[in-house]
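Q: I'd like a close look at one part of this model, followed by a walk around the rest. Could you take me through it?

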Amino acid sequence: MSDSQSTPAGDNPTDFIRSIITEDQASGAYGGRVVTRFPPEPNGYLHIGHAKSICLNFGVGEQYPGARCHMRFDDTNPTREDIEYVESILADVKWLGFDWGEHLYYASDYFEQLYQYAEQLILDGNAYVDGLTADEMRKYRGTLTEPGRESPDRNRSTEESLDLFRRMRAGEFADGEYVLRAKIDMASPNVNMRDPVLYRIRHAEHHRTGDDWCIYPMYDYAHSLSDSIEGITHSLCTLEFEDHRPLYDWCQEVLGIYRSRQIEFARLNLTHTVMSKRMLRRLVEDNYVAGWDDPRMPTISALRRRGYTPESIRDMCDRVGVARRNTVTELALLEHCLRDDLNRRAQRRMTVLDPLKVVITNYPEQQSEEFEAVNNPEDDSMGARSVPFGREIYIERDDFMENPPRRFYRLAPGQEVRLRYACLITCTDVVKDAHGNVTEVHCAYDPDSRGGNAPDGRRVRGTIHWVSAAHAVPLEVRLYDNLFSDPDPAGAAAGSGDDFVDLINSDSLQVVTAMAEPALSKAEPGERYQFERLGYFCADPDSQPGKPVFNRTTTLRDSWARISRQQG
RNA sequence: UGGGGAUUAGUCUAGUGGUAAGACGCCUGACUCUGGAUCAGGUAUCACAGGUUCGAAUCCUGUAUCCCCAGCCA
């Protein structure tokens, strides 16, 4: 576990759900058991929003004595689901650092049991087979302000319903011909209680049960029963299921089975991204991004590829908390958590993203030497490495200005800066091309400043990173920015009537060839570094031996940007 | 009055009758071989209006605003 400052040791409940569970434990409800579950439908990739639910459910599952969290797939709709998603979801949950142990389940494992319970419902007069078409059923359902009407089939005898239901299972009917409905109350102000459909006919191959079934249970029914079957004590779900709770309770109550308690919380929203499955799918399928794991996506697999650590994601979820209010969390919080984590853990390297050549005119040609650079100033145990230095080096183009503004402490004519870990240099001359662009900068170094400090103790405010031109290795670096500049793209699109894809930031990806110190040439995919003064970067799986590719995970905080903005 | 929720600083979250806490962000300053990190300080009277009370973000009443629900999706 990483040390999260937001959760001081010894504190117990940190949100209303944990308060409820703590009380239940104290009062002996559920016999002192605590069992939660994370129940995705395997119809897409997990995103950062799911991470909140994962952290909550698995977090509770490991926090209470004897507690556990089940990993369960809500695979009740064969037409949208696929094994590919099952595998990616499992991998993502694991990567986030959670473990379901033996408790991996599938709603489809309960199909037979669910079916038997459905027959029980019919026998008890709590369900009936209805022959209304989907269209008719919608009309019979009424509206939000008007009650619904009872279907003509509502009073079908239990014998007949049972017979029809068995024939539904046997495959005698086409899709849509019949459904099994709960017999509750067509006049309920809660439309979910107006005789909701429990089973529909779907002649489709299921990714796990093949064509064993042609009738499939609906979410409300399957979920309530699955929770009960697994002995889930606290069934944590998002706010939009609030109206479903009466139905969730109804299913367990009329069947007289184990009672679980559904508790709803607000889902996570993040600025500068979209989270709906529909929109994410659109981004991928219409090729606005390179795939589900394109580092600009909010999916777990994309965040992983981009370089986010699981610890940082969990830390953010901890800090965001759990409540019942619909909110939008600033991306800045996630970025803070990442920097906080990587500042302590990532090794430093020097890389120049936009090279400008500097010739140190008083440094002997052909000569070179090595300077020692610490790998992480926050952690001595990470040791040091040596970095080659020579007469010609690259510095960041931004680190030189011919006519610098006030408080620009970097390189400028006549101005002295420190080359990090190396020595002090002073700009003596500027070489330009025919268009007046600076192509080269000439400097003189202070031979007595080897290591970075002058013996006379003079202060040099600016320290810049650099790379020896003779030893530099080229690096493909992918600079990512937010996919959407608007903090609330979905809202902005809805408000203006625009298609959300029109709001995509055209500068969300910039690919550059950077010059890096030699140590970076053999980076393995997944390795994360801080490129000094620039940000955190992660080697991408596209890297080839000798041809590393890095993704910029996030920049470092840049207070110079603020200063220069203030100066105009 | 269709039903169900929500409303504390720019953003999250705590506080459950005794005079607003923490985090991110932002602003100041210190320090610094990353204008990074770190450290110090600053940054709201709790949607609104009444009421109860010695005292209310916390209780009551009313109002406003926002979110969710009419799939044989989850």
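Which residues lie nearest the centre of the largest cavity, and how many residues line that cavity?

A: Keep in mind that this is a predicted model. The lining of the largest cavity is made up of 18 residues, and nearest the centre you'll find Arg296, Met297, Leu303, Arg306 and Leu331. Two elements give two or more residues to that lining, namely helix H10 (300-306) and H12. The top contributor is H12, with 3 residues. Sorted by class, the lining has 10 nonpolar, 4 polar and 4 charged residues. As for the space inside, the largest cavity holds about 210 Å³. A search of the whole structure turns up 3 cavities of 30 Å³ or more.

H12 is also a handy way over to the RNA. Helix H12 (331-345) supplies at least two residues of the surface near RNA strand B, and so do helix H5 (134-140), strand E6 (197-201), helix H11 (310-320) and helix H14 (559-566). On this surface the largest share comes from H14, with 5 residues. There are 69 residues around RNA strand B, and Arg325, Arg348, Arg420, Gly451 and Ser559 come nearest. Of the RNA atoms that come within 4 Å of the protein, 66% belong to sugar and phosphate. The class split for this surface is 25 nonpolar, 19 polar and 25 charged residues.

A few polar contacts are worth zooming in on. The side chain of Arg410 has an N or O atom 2.6 Å from a base nitrogen of RNA strand B. For Gln530, a side-chain N or O atom likewise sits 2.6 Å from a base nitrogen of the strand. With Arg562 the partner is a phosphate oxygen of RNA strand B, and the distance to an N or O atom of the side chain is 2.7 Å.

Now swing over to helix H3, which covers residues 83-95. This helix has 13 residues and runs 18 Å from its first C-alpha to its last, close to the 18 Å expected at 1.5 Å a residue. At the N-terminal end, Asp82 acts as the cap, with a side-chain oxygen 2.8 Å from the backbone nitrogen of Glu84. Along H3, the buried residues are Tyr85, Val86, Ser88, Ile89, Leu90, Asp92, Val93 and Trp95. Just past the helix, Gly97 adopts a positive phi of about 105°.

Two more residues round off the tour. Phe500 belongs to the loop that joins helix H13 (489-496) to strand E22 (509-516). Phe500 counts as buried because its relative accessibility is 2%, and the cut-off for buried is under 20%. In sequence, Phe500 and Met279 are 221 residues apart, but their C-alpha atoms are 8.2 Å apart in space. Leu509 is part of strand E22. With a relative accessible area of 33%, Leu509 is partly exposed. Between Leu509 and Arg552 there are 10.0 Å, C-alpha to C-alpha, with a separation of 43 residues in sequence.

Terms used
Residues are numbered from 1 along each chain as its sequence is written. Chains are lettered from A and ligands numbered from 1 in the order in which they are written. This is a predicted model: local features need pLDDT of at least 70, side-chain atom pairs count only at pLDDT 80 or more; totals for chains, interfaces and linings use all residues. Side-chain values use heavy atoms; hydrogens and water are left out. A residue is near a molecule or strand if one of its heavy atoms lies within 4 Å of it. A polar contact is a pair of N or O atoms within 3.5 Å; within protein, one must be able to donate a hydrogen and the other to accept it, and residues adjacent in sequence count only if both atoms are side-chain atoms. Helices (H or I, at least four residues) and strands (E, at least two) are DSSP runs, numbered from the N terminus. Ala, Val, Leu, Ile, Met, Phe, Trp, Tyr, Cys and Pro count as nonpolar, Asp, Glu, Lys and Arg as charged, and the others, Gly among them, as polar. The expected span of a helix is 1.5 Å times one less than its number of residues. Buried means under 20% relative accessible area, exposed over 50%, partly exposed in between (1.4 Å probe, protein chains only). On a 1 Å grid over the protein atoms alone, a cavity is a set of points where a 1.4 Å probe fits but cannot get out, and a pocket is an open set with protein on both sides within 12 Å along at least five of seven lines; lining residues have an atom within 4 Å of a point. Grid points are joined across faces, edges and corners, and a volume is the space filled by probe spheres set on the points.
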